[in-house]
Amino acid sequence: MDHTTVAIVGGGPAGLLLSRLLHRAGTDCTVLERRDRAYVERRQRAGILEQSTVDALREAGAAERLDAEGLVHDGVELRWSGRSHRIDFPALTGGRRVWVYAQTEVVKDLIALHQAAGTAPRFEAEVHAVEGIDTGRPIVRYTHQGRERALSCDYVVGCDGSHGVALKAVPVGARRTYERVYPYSWLGITADVPPSCEELVYAHSPHGFALHSMRSPRVSRLYLQVPNGTDPEAWTDERIWDELDARFTLDGWTLDRGPITAKAVLPMRSSVTEPMRFGRLLLAGDAAHIVPPTGAKGLNLAVSDVVVLARALTHRQRTGGTELLDAYSGTCLRRVWRAEHFSYTMTTTLHTDPGQSAFDTRLQIAQLDRVADSPHAAAELALNYAGIPVFST
Ligand code: RFL
Ligand code: PHB
């Protein structure tokens, strides 16, 4: 049976970055990814990297293209009730900012570096069981090219996303999942048209939430709140643009339209599984927690988890000490719950709940007015959005 020090289940951003950090620190590891490379590189997801994510990618030597092509943003705009307010990140956070750089590009960059270093994931390797996590020598069982395989290791890390198998190795009585499902989804589109704004626009409107984001100076990415169960094909391009127009409406501003090249509906969920460590199994990224995308935190949390974990595993490898691994779950969960709270607050302040009363709407507007009128409220939003340093909580 093959052996590796750290077996990593899942080659999304969490697994790929963890393996990059471990290899650079001299710790041997193997990533098992059930999809092929092309599929993993194409998956359209997050678009905003906070300051500490960029710092982590730079430290991993994985930011060359990000630094050349990423769009640095110093703020976002909020729109509601005919008002508009800009949140100035550097001014409110002591110099922190965010980058617009798609998750697909982060993934492509990490895979290219792994290929060059001879440390690429084992693609099309589907893990179906993780055994012995309460022993000193766990075993990961997987299928590769139609053959059953096994990999023994010192530690297993579940980076296998929200429907992963790693978590299932933890006895039900030893874990607890806290969850909230929202009564609305996002219809996300990509369009071949230059963005109509320089920075992201988050809009609260009587028609529901809308977000204007971007992928490049020529490609726009936009989202609008739709009912759960919506079929994206039921929305024609014209209907999407009309609805976006209505939600972003602001005197003197126009939304430019262009060909829509991708269209998908994503559900909104908050979830945290505790603890993030059980014996020799550690969970990271979406395998442990999900946030609704309104705060742009999902990918950033995955990165902060693996930064903490790489340090703990490297410390174990170098000194034999397990104190950082013992602290892993508690260290991460403080940041995770803070991000959960922020994502929940952004989501519930900006979306229209199907059962929402006029009173509820007035409260949302009062909250948005407060952010515009109080530097303290604006600073709280800016610090959460631009992200606090990984080792500060
Ligand atoms: P990922 O990216 O889901 O990667 C998990 C990887 O594990 C593999 N895998 C397995 N491999 C082997 N054996 C098995 N049994 C396996 N089971 C799963 C999968 O193929 C996959 O490659 O998790 P990771 O690395 O933790 O990264 C987290 C981020 O991807 C995620 O937080 C964000 O993308 C969340 N998210 C968004 N966040 C934002 O901030 N803004 C967004 O607009 C946004 N859009 C999204 C999203 C997540 C989505 N999902 C997961 C449904 C849109 C979608 C559709
Ligand atoms: C995106 O560009 O995909 C994006 C940006 C900000 C969010 C969510 C998604 O809050």
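Which residue stands opposite Tyr202 in β13? In this predicted model, the residue of β13 opposite Tyr202 is Leu211. The strands β12 and β13 pair in the antiparallel sense, over three bridges. In general, the strands of a sheet are paired through backbone hydrogen bonds, in either a parallel or an antiparallel manner.

Both strands belong to an open sheet of eight strands with mixed pairing, ordered β6-β5-β12-β13-β14-β11-β15-β18. The edges of this sheet are formed by β6 (83-88) and β18 (289-290), each of which pairs on one side only. In the strand order, β12 is placed between β5 and β13, and β13 is followed by β14.

The pairing of β12 with β13 is relevant to the site of ligand 2. Thirteen residues lie around ligand 2, and those that come nearest are Tyr202, Ser213, Arg215, Tyr223 and Pro293. Three polar contacts to oxygen atoms of ligand 2 are described here. A side-chain N or O atom of Ser213 is 2.6 Å from an oxygen atom of the ligand, and a polar side-chain atom of Tyr223 is 2.5 Å from an oxygen atom of ligand 2. Pro293 contributes through its backbone, with an N or O atom at 2.7 Å from an oxygen atom of ligand 2. On its own, ligand 2 has 280 Å² of accessible area, of which the protein covers 97%. The elements giving two or more residues to the shell are β12 (200-203) and β13 (210-216); β13 gives the most, with three residues. By class, the shell around ligand 2 consists of eight nonpolar, three polar and two charged residues.

Ligand 1 is surrounded by 30 residues, the closest being Glu33, Arg43, Arg45, Gln103 and Asp286. Asp286 has an N or O atom in its side chain at 2.6 Å from an oxygen atom of ligand 1. Backbone N or O atoms also approach oxygen atoms of ligand 1: that of Gly298 lies at 3.3 Å, and that of Leu299 at 3.5 Å. Of the 1000 Å² of accessible area that ligand 1 has on its own, 86% is covered by the protein. Two or more residues of the shell around ligand 1 are given by each of α1 (13-24), β8 (125-131) and α8 (298-319). The shell of ligand 1 comprises 14 nonpolar, seven polar and nine charged residues.

Notes. Residues numbered from 1 in each chain as written. Chains lettered and ligands numbered in written order. Predicted model: local features only at pLDDT ≥ 70, side-chain atom pairs only at ≥ 80, totals over all residues. Heavy atoms only, no water. Near = heavy atom within 4 Å. Polar contact = N/O pair within 3.5 Å; in protein donor to acceptor, adjacent residues only side chain to side chain. Areas by Shrake-Rupley, 256 points an atom, 1.4 Å probe, with all protein chains shown as cover. Helix = DSSP H or I, 4+ residues; strand = E, 2+ residues; numbered from the N terminus. Nonpolar A, V, L, I, M, F, W, Y, C, P; charged D, E, K, R; others polar. Pairing = 2+ DSSP bridges.
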